[in-house]
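Student: I should like to go through the terms used to describe this protein and see what justifies each of them. May we begin with the structure itself?

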Amino acid sequence: NLVLASMWTPPKGEGAAEGGGHGGMKLNPVDTTFYMALPTALFLCPPTFLMEHPTEWPGAGNDNLTDWGVLMKVIDLSPYTMNLVLLSGVFAAAYNLLQYALVQSLSATHAAFAGNFNKAATIMLSICLGLEHLPSGPWAFVMLGATLGNIGSFTGYSIVKGMERAPAKMAGDSLPEKTKV
């Protein structure tokens with residue numbers, strides 16, 4: 001979604017007249033986040049009410065509940081939990097604001113790599129702290145290889161980008177806004 005959003009919010013200083021190629025609407029991160037919120041919510045409404053998921057709650061009655069059914073059950077069992085749900089919405093909006101600000105100041109590619117690195121680091125941290133466990137058999141090596149590969153690819157990408165900037169800084173050239181970190 002970051003790459004798609006970057007089509008409408010190009011980095012500062014880029015536009016159709018300046019060689020940006022797509023012109024863009026040049027929305028700030030707040031506008032981008034909240035203009036995309038309503039279409040996203042509408043897109044997710046049908047699955048929320050129509051798709052059932054298996055539940056393994058003791059005494060839940062029905063083995064399959066929709067997301068709406070799960071929400072109603074949570075409200076029935078612990079109404080104050082909704083405060084945490086609302087708080088997580090505030091944190092999600094703040095996270096999206098940060099992501100779109102990164103897309104505009106860096107690049108969509110760099111922001112996407114950073115997001116994937118964040119997920120890979122979280123997986124490794126949760127495994128190291130014992131919160132999660134590796135799958136059994138050969139899948140443990142596949143998961144470790146994929147996670148470490150993800151971290152390594154972001155590291156390599158960052159090193160290459162840093163090496164591209166180093167000669168320009170030494171020569172005294174200024175880089176376009178898009179490549180500044």
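**Terms and their grounds**

Tutor: Over residues 80-98 the chain is 95% helix and 0% strand, with the end C-alpha atoms 28 Å apart. Please bear in mind that this is a predicted model.

Student: What makes residues 80-98 a "transmembrane region"?

Tutor: That label comes from the UniProt annotation in an unreviewed entry, which covers residues 80-98 and 139-160. Such annotations may be inferred rather than shown by experiment. Over residues 139-160, the chain is 100% helix and 0% strand, and 31 Å separates the end C-alpha atoms.

Student: Why are α2 and α4 called oblique to each other?

Tutor: The axes of helix α2 (residues 29-50) and helix α4 (residues 81-105) come within 8 Å and cross at roughly 125°. Angles of 65 to 115 degrees count as roughly perpendicular and those over 145 as roughly antiparallel. The angle fits neither class, and α2 and α4 are therefore oblique. Their crossing is right-handed.

Student: Which residues make the contact?

Tutor: On α2 they are Pro29, Val30, Thr32, Thr33, Phe34 and Met36; on α4 they are Ala93, Asn96, Leu97, Tyr100, Ala101 and Gln104. By class, this contact has eight nonpolar, four polar and no charged residues.

Student: How do you know whether serine 126 is buried or exposed?

Tutor: Its relative accessible area is 15%. Buried means under 20%, so serine 126 is buried. Serine 126 lies in helix α5 (residues 108-128) and touches Leu131 and Glu132, leaving aside residues up to four places away in sequence.

Definitions and conventions: Residues numbered from 1 in each chain as written. Predicted model: local features only at pLDDT ≥ 70, side-chain atom pairs only at ≥ 80, totals over all residues. Heavy atoms only, no water. Axes fitted to C-alpha atoms, helices over the stretch in contact; angles between N-to-C directions. Helix = DSSP H or I, 4+ residues; strand = E, 2+ residues; numbered from the N terminus. Parallel < 35°, antiparallel > 145°, perpendicular 65-115°, else oblique. Left-handed = near helix turned anticlockwise from the far one by under 90°. Contact = heavy atoms within 4.5 Å. Nonpolar A, V, L, I, M, F, W, Y, C, P; charged D, E, K, R; others polar. Buried < 20%, exposed > 50% of the residue type's maximum accessible area, 1.4 Å probe, protein only.
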